[in-house]
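I opened a fresh page for this model. I wanted its strands first, then its pockets.

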Amino acid sequence: MKIHEVMTNRVASIREESDVYRAAEVVALSGVSDLMVLDEHGQFVGVLSEGDILRAALPKIDDILGEGGSLAQAFSLFLDRGRELSGLPIKPMIIREPIVLGPDDHVAQAAVTLVQQNIRLLPVVQRGRLLGVVTRADICEAVVGQIKRPALNPAGGDDG
């Protein structure tokens, strides 16, 4: 089974010239955790992870608590840092050389990569153009769709 048979074509993307506020907005509205980043010509340039955005804003909570601060103070600092970041460009946060797959790669390759690298999705790219993504859920759905379930006999028991 090939990637193009199971991939998701509708992808949340953002332009590399965007700021952190726009990225957070797209993440919140789309419900995805990774945004595909495109240049001004629509070419794929990388991935922006919600985790990278959060890490940039997170204060060092252990340091705050170690100095006698509270979680409430740490959260307040988190909000302040988030506001400071909102107008900054996403360019420094972009993962520029992510693992990608082609549409004719095998689904097994995607499954192994997703599990070994502990990631949720992989971009599907051909000649610099983003075609879609393949997610763990896409692969689970493809695998389950291949399972042959035994038919039940009229009495409701197994045939076997």
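Before naming partners, I fixed the term: two strands pair if DSSP finds at least two bridges between them. The model is predicted.

**Entry 1, the hairpin.** I looked up L122 and found it opposite V134 in β5. I then counted the bridges between the two strands. β4 and β5 pair in the antiparallel sense over six bridges. I followed the chain from one strand to the other. The two form a hairpin, with two residues between them. I checked the backbone in the turn: R127 has a positive phi of about 50 degrees.

**Entry 2, cover on β5.** Is this strand mostly covered or mostly open? I went through residues 129-135, which make up β5. Five of the seven residues are buried, so I noted β5 as mostly covered, with buried meaning under 20% relative accessible area.

**Entry 3, the open sheet.** I traced a sheet of three strands and wrote down its order as β1-β2-β3. The sheet is open and its pairing is mixed. Which strands sit at the edges? I found β1 (13-15) and β3 (44-49) there, each pairing on one side only. I also looked up the twist. Neighbouring strands of this sheet are turned by 35 degrees against each other on average, direction ignored.

I took β2 and β3 next. β2 covers residues 34-38 and pairs with β3 in the antiparallel sense over five bridges. For V37, I noted G46 in β3 as the bridge partner.

**Entry 4, the largest pocket.** I read off its volume as about 340 Å³. Its lining has 15 residues. Nearest the centre I listed A24, I53, L54, A57 and G82. Which helices contribute? I noted α1 (20-30), α2 (50-57) and α4 (71-85), each with at least two residues of the lining. By class, I counted 11 nonpolar, two polar and two charged residues.

**Entry 5, the second largest pocket.** I noted about 280 Å³ of space here. It is lined by 13 residues, and those closest to its centre are D34, I95, I119, R120 and L121. I looked for strands in the lining. Both β3 and β4 (121-126) supply at least two residues. β4 gives the most, with three residues. By class, I entered eight nonpolar, three polar and two charged residues.

**Entry 6, cross-reference.** I marked two strands for a second look. β3 is an edge strand of the open sheet and also helps line the second largest pocket. β4 is part of the hairpin and lines that pocket as well.

Definitions and conventions
Residues are numbered from 1 along each chain as its sequence is written. This is a predicted model: local features need pLDDT of at least 70, side-chain atom pairs count only at pLDDT 80 or more; totals for chains, interfaces and linings use all residues. Side-chain values use heavy atoms; hydrogens and water are left out. Helices (H or I, at least four residues) and strands (E, at least two) are DSSP runs, numbered from the N terminus. Axes are lines fitted to C-alpha atoms, for helices over the stretch in contact, and angles run from 0 to 180 degrees between N-to-C directions. On a 1 Å grid over the protein atoms alone, a cavity is a set of points where a 1.4 Å probe fits but cannot get out, and a pocket is an open set with protein on both sides within 12 Å along at least five of seven lines; lining residues have an atom within 4 Å of a point. Grid points are joined across faces, edges and corners, and a volume is the space filled by probe spheres set on the points. Ala, Val, Leu, Ile, Met, Phe, Trp, Tyr, Cys and Pro count as nonpolar, Asp, Glu, Lys and Arg as charged, and the others, Gly among them, as polar. Buried means under 20% relative accessible area, exposed over 50%, partly exposed in between (1.4 Å probe, protein chains only).
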